[in-house]
Amino acid sequence: CADQAMYSAKKTGRNNFCFFNRQMLELAHQRMQLGNDLHDALGKGQLEVFYQPIIDVVSGRVVKAEALLRWRHPEWGMVPPDRFIPIAEETDLIQEIGAWVFREAADTVKRWNALSANQGQRQISVNMSPRQFTRGRGEQIIINYMQAYGLDPAHIAVEITEGLLLDNCPGVTQKLEKLRAAGIEISLDDFGTGYSAMAYLKRFNIDYLKIDQSFVRDLETDPGDRAIAEAIVVMAHRLGLKVIAEGVETEGQYALLAEAGCEYVQGYLFAKPMPVEAFLAFVNADAQKPAVIEGPLA
Ligand code: C2E
Ligand code: MG
Ligand code: MG
Ligand code: MG
C-alpha cells in the first residue's frame, strides 16, 4: 500500500514526489511513536473496552452488544481503533490485546447476566482481526478461556471480516468450525464492503451478516442502497443467517430495516458505544421498561 502511494506520487512529478515523501515520513514517524506507546498501553491501563447495545427489532430490547476497543492516550486523548488496530496487527500486539478484549467482554457479559434472572439470548460480540487466526491461535485462546471461566459460549460471538474468508489461508475453515463446535456464534462484519465474492457464504458456516453502515446511511433517500439492504436480508435468510444492521441513526432507517426483515439493529439512534458501567446501567434500565407492544411497523 505504501509502495502504491509512492508509485502514484512519482508519476505526478518530481515536486509532488518530494512533498508526498515528507508527508509519508511524518506519517511513518507518527505510526512508529504510536506503535511504541501501544506496547505499554495495556500494562499502563490505557486501553478500555466500550460496549454498544444491539437491539432486537421484534421486542425492542437490548439483547446483544458489541465490544469496541478504545485507547486513552495520555497526550493525544482518545485514539480511534481505526488508527491503532492496524499497528497492533503489524506488530502482532493484536494477539495479546485481542485476548484481553475477550476476557473483558466475558467478564462484562457475566455481570450483565447477574443483573437479572431473565438472561434470554444475551450476547457480546468481539471483533477479531484475521491475524488472530492466521498468525496466532486466537480461536483456541477463546475456547480455553471460556471453559476455564465457566461461561456459556452462547453468550459470546466473534466478528470477522470478509478478508479472512477470501485469503484462502490454510486452517481458517477448521478454526472457524472449531469456534462454532464450541458453541460460539460468528458474525460477518462490514458485509458488502469487501470484494463480496459471495461463494464463501456457502463454504463457511456463519450465523449473522452485519450490513455495513455505508448502506444504511442513505437508506431513506437512495433507492440503490435500499435495494442492496433488502437483497442482503433476503439472501441471508435464504442461507439461514440472521441480519444485524450497523450505523442506524434515524427512525426512518430503523423502520425500513425492520420492514425488510432485519432481526437486529445497532447505532446511535439507540446508543453510542459506552464504558462498561454506563453500559450495565443502560441494559438494566432497558430491562425495566415495559415490553414493546407496538414495534416500528405498527
Ligand atoms: P466495526 O466492527 O464495524 O464497528 C462498528 C463501528 O461503527 C464502531 O466504530 C462504532 O462506534 C461505529 N458506529 C456504531 N453505530 C454508529 C452510528 O450510528 N453512526 C456512526 N457514524 N458510527 C457508528 P469504532 O468503535 O470506531 O470501531 C472501528 C473499527 O475498529 C471496528 O469496526 C472494528 O473493525 C475495529 N475494532 C474495534 N474494536 C476492535 C477490537 O477489539 N479488535 C479488533 N480486531 N478490531 C476492533
Ligand atoms: Mg464489528
Ligand atoms: Mg462493522
Ligand atoms: Mg469496520
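1. What spacing do the donors of the magnesium ion (ligand 3) follow along the chain? The pattern is D-D-x55-E. The residues behind these letters are Asp189, Asp190 and Glu246. Asp189 and Asp190 each give an OD atom, while Glu246 is listed twice, with OE each time. The distances run from 2.0 to 2.4 Å. Please keep in mind throughout that this is a predicted model.

2. The magnesium ion (ligand 2) has its own set of protein donors: Glu66 (OE), Asn127 (OD1), Glu159 (OE) and Asp189 (OD). These lie 2.0 to 2.3 Å from the ion. Along the chain their spacing reads E-x60-N-x31-E-x29-D. Two of these residues show how the site links distant parts of the chain: Asn127 belongs to strand β4 (residues 123–127) and Asp189 to strand β6 (residues 185–191), 62 residues apart.

3. Asp189 appears in both donor lists and deserves a point of its own. This residue bridges the magnesium ion (ligand 2) and the magnesium ion (ligand 3). The two ions are 4.1 Å apart.

4. Are the donor residues buried or exposed? The cut-off for buried is under 20% relative accessible area. Asp189 has 7% relative accessibility, and therefore counts as buried. Asn127 has a relative accessible area of 30%, so this residue is partly exposed. Asp190 is also partly exposed, because its relative accessible area is 28%.

5. The largest pocket should be read together with the metal sites. Its space comes to about 1000 Å³. There are 36 lining residues, and those closest to the pocket centre are Glu66, Leu68, Asp82, Asn127 and Asp189. Glu66, Asn127 and Asp189 are also donors of the magnesium ion (ligand 2).

6. What kinds of residue make up the lining of the largest pocket? The lining holds 16 nonpolar, ten polar and ten charged residues. Several elements each supply at least two of the lining residues, including the strands β2 (62–73), β4, β5 (156–161) and β6. The helices α3 (81–91), α4 (93–115) and α5 (130–134) do so as well.

7. Strand β2 needs a closer look, as Glu66 falls within its range, 62–73. Eleven of the twelve residues of β2 are buried, so the strand is largely enclosed by the rest of the structure.

8. On pairing, β2 has several partners. With strand β1 (residues 47–56) it runs antiparallel, over nine bridges. In this pairing Pro53 stands opposite Ala65 of β2. The hairpin of β1 and β2 has five residues between the strands, and Gly60 there takes a positive phi near 75 degrees.

9. The pairing of β2 with β4 is parallel and has four bridges. Here the metal donor Glu66 has Ser125, in β4, as its bridge partner. Recall that β4 is also the strand that holds Asn127.

10. Strand β3 (residues 77–79) is joined to β2 by three bridges in the antiparallel sense. His73 stands opposite Gly77 in β3. These two strands form a hairpin, with three residues between them.

Technical notes: Residues are numbered from 1 along each chain as its sequence is written. Chains are lettered from A and ligands numbered from 1 in the order in which they are written. This is a predicted model: local features need pLDDT of at least 70, side-chain atom pairs count only at pLDDT 80 or more; totals for chains, interfaces and linings use all residues. Side-chain values use heavy atoms; hydrogens and water are left out. Donors are N, O and S atoms within 2.8 Å of the metal (3.2 Å for Na, K and Ca); water is not among the atoms, so sites may look incomplete. Buried means under 20% relative accessible area, exposed over 50%, partly exposed in between (1.4 Å probe, protein chains only). On a 1 Å grid over the protein atoms alone, a cavity is a set of points where a 1.4 Å probe fits but cannot get out, and a pocket is an open set with protein on both sides within 12 Å along at least five of seven lines; lining residues have an atom within 4 Å of a point. Grid points are joined across faces, edges and corners, and a volume is the space filled by probe spheres set on the points. Ala, Val, Leu, Ile, Met, Phe, Trp, Tyr, Cys and Pro count as nonpolar, Asp, Glu, Lys and Arg as charged, and the others, Gly among them, as polar. Two strands pair if DSSP finds at least two bridges between them.
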